[in-house]
Amino acid sequence: MASRIAKNTAWLGLGEAGGRFLRIALIFYSARVMSVAEWGLSSYILSWAVLFTIMTDIGLGSIVTRELVNDHERRARYVSTFFFMKLFLIAIASTAIVFVVPFISALPLSRSITISLAFLVLFDSLRIMASVVNKSRETMHLEALMNIVTQAVILGIGLVVLMY
């Protein structure tokens with residue numbers, strides 16, 4: 001038991017440290033190449049993304065993790081219900097991002113920015129969903145790998161976007 005806890009903690013720590021290192025690299029690079037206005041706009045957009053990502057979870061992740069750990073017999077049922085509930089919440093959030101946010105935003109946002117924001121929320125919500133399943137199965141090595149790969153992809157896309 002103690003060795004499993006230590007192993008899971010080490011994997012999660014490695015995944016978090018590796019992911020944060022990649023994220024910090026992107027933040028440092030973007031702070032160097034972006035103007036103050038561009039930096040402010042990107043921070044504003046990321047704030048919207050965080051708000052809607054939280055709204056697509058509404059505590060479901062914690063509930064499903066608990067239920068998956070406690071009841072192995074109904075695992076498929078819980079995962080499928082969780083998946084469809086998340087898709088429903090993501091659809092609502094994406095609709096709100098594309099059709100409501102441009103009207104209530106303090107800054108003018110183009111259609112491409114709002115669609116990019118909707119995709120960011122979609123993929124982040126799906127990553128969180130996969131994280132819930134990995135944690136319930138105690139496959140922390142997959143969780144760490146997923147975190148590092150996700151941050152590496154974000155770093156790559158971010159570098160490409162910043163270069164053009």
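This dialogue considers how helices, pockets, salt bridges and backbone angles are read in a predicted model.

Colleague: How does the span of helix H1 agree with its number of residues?

Modeller: The structure is a predicted model, and the comparison is between an expected and a computed length. Helix H1 covers residues 2-33, and its 32 residues should span 46 Å at 1.5 Å a residue. The end C-alpha atoms of H1 are 47 Å apart, which agrees with that expectation.

Colleague: What distance does helix H4 reach from its first C-alpha to its last?

Modeller: Helix H4, residues 75-99, reaches 36 Å with its 25 residues. The expected value at 1.5 Å a residue is 36 Å, and the helix is close to it.

Colleague: Which residues of H1 are buried, and against what do they pack?

Modeller: Burial is read here from relative accessible area, with under 20% as the cut-off. In H1 the buried residues are Asn8, Gly15, Gly19, Leu22, Leu26 and Ser30. Their packing partners are H2 and helix H7, the latter formed by residues 140-163.

Colleague: Which residues of H4 are buried, and what covers them?

Modeller: The buried set in H4 consists of Arg75, Phe82, Lys86, Leu89, Ile90, Ala93, Ser94, Ile97 and Val98. Their cover includes helix H2 (36-55) and helix H3 (60-70). It also includes helix H5 (101-104) and helix H6 (111-136).

Colleague: I should like to turn to the pockets. How much space lies in the largest pocket, and which residues are closest to its centre?

Modeller: The general idea is that rolling a probe the size of a water molecule over the atoms shows where empty space is left. In this model, the largest pocket holds about 1,600 Å³ of space. It is lined by 38 residues, of which Leu26, Leu46, Leu120, Ile154 and Gly158 are the closest to the centre. H1, H2, H6 and H7 are the elements that give two or more residues to this lining. Leu26 also belongs to the buried residues of H1.

Colleague: Which element gives the most to that lining, and how do the residues divide by class?

Modeller: H2 gives the most, with 11 residues. The lining of the largest pocket comprises 26 nonpolar, eight polar and four charged residues.

Colleague: What lines the second largest pocket, and how much space lies in it?

Modeller: About 170 Å³ of space lies in the second largest pocket. Among the residues that line it are Glu16, Gly19, Arg20, Arg23, Arg127, Lys135 and Glu143. H1, H6 and H7 each supply at least two residues of this lining. By class, the lining contains two nonpolar, four polar and six charged residues.

Colleague: How many salt bridges does a search of the whole structure find?

Modeller: In general, side chains of opposite charge can pair when their charged atoms come close. The search of the whole structure finds six salt bridges. One of them joins Glu138 and Arg4, with the closest N and O atoms 3.0 Å apart. Glu138 lies in the loop between H6 and H7 and Arg4 lies in helix H1, so this pair ties together parts that are 134 residues apart in sequence. Glu138 counts as partly exposed because its relative accessibility is 36%. Arg4, at 39%, likewise counts as partly exposed.

Colleague: Where do Arg127 and Asp124 lie, and how far apart are they along the helix?

Modeller: Both residues lie in helix H6, three residues apart, which is about one turn of the helix. Their salt bridge has its closest N and O atoms 2.9 Å apart. Arg127 is partly exposed, with a relative accessible area of 23%, and Asp124 counts as partly exposed at 26%. Arg127 was named above in the lining of the second largest pocket.

Colleague: Arg74 and Asp71 also meet in a salt bridge. Is each of these residues buried or partly exposed?

Modeller: The N to O distance of that salt bridge is 3.6 Å. Arg74 counts as partly exposed at 44% relative accessibility, whereas Asp71 counts as buried at 18%.

Colleague: Finally, the backbone. What is the phi of Ile58, and where does the residue lie?

Modeller: Ile58 has a positive phi of about 40°, although it is not a glycine. Ile58 lies in the loop between H2 and H3 and is exposed, with a relative accessible area of 58%.

Colleague: What is the phi of Glu138?

Modeller: The phi of Glu138 is near 55°, a positive value in a residue other than glycine. Glu138 lies in the loop between H6 and H7, and is the residue that forms a salt bridge with Arg4.

Notes: Residues are numbered from 1 along each chain as its sequence is written. This is a predicted model: local features need pLDDT of at least 70, side-chain atom pairs count only at pLDDT 80 or more; totals for chains, interfaces and linings use all residues. Side-chain values use heavy atoms; hydrogens and water are left out. Helices (H or I, at least four residues) and strands (E, at least two) are DSSP runs, numbered from the N terminus. The expected span of a helix is 1.5 Å times one less than its number of residues. Buried means under 20% relative accessible area, exposed over 50%, partly exposed in between (1.4 Å probe, protein chains only). Contact means heavy atoms within 4.5 Å. On a 1 Å grid over the protein atoms alone, a cavity is a set of points where a 1.4 Å probe fits but cannot get out, and a pocket is an open set with protein on both sides within 12 Å along at least five of seven lines; lining residues have an atom within 4 Å of a point. Grid points are joined across faces, edges and corners, and a volume is the space filled by probe spheres set on the points. Ala, Val, Leu, Ile, Met, Phe, Trp, Tyr, Cys and Pro count as nonpolar, Asp, Glu, Lys and Arg as charged, and the others, Gly among them, as polar. A salt bridge is a side-chain nitrogen of Lys or Arg within 4 Å of a carboxyl oxygen of Asp or Glu.
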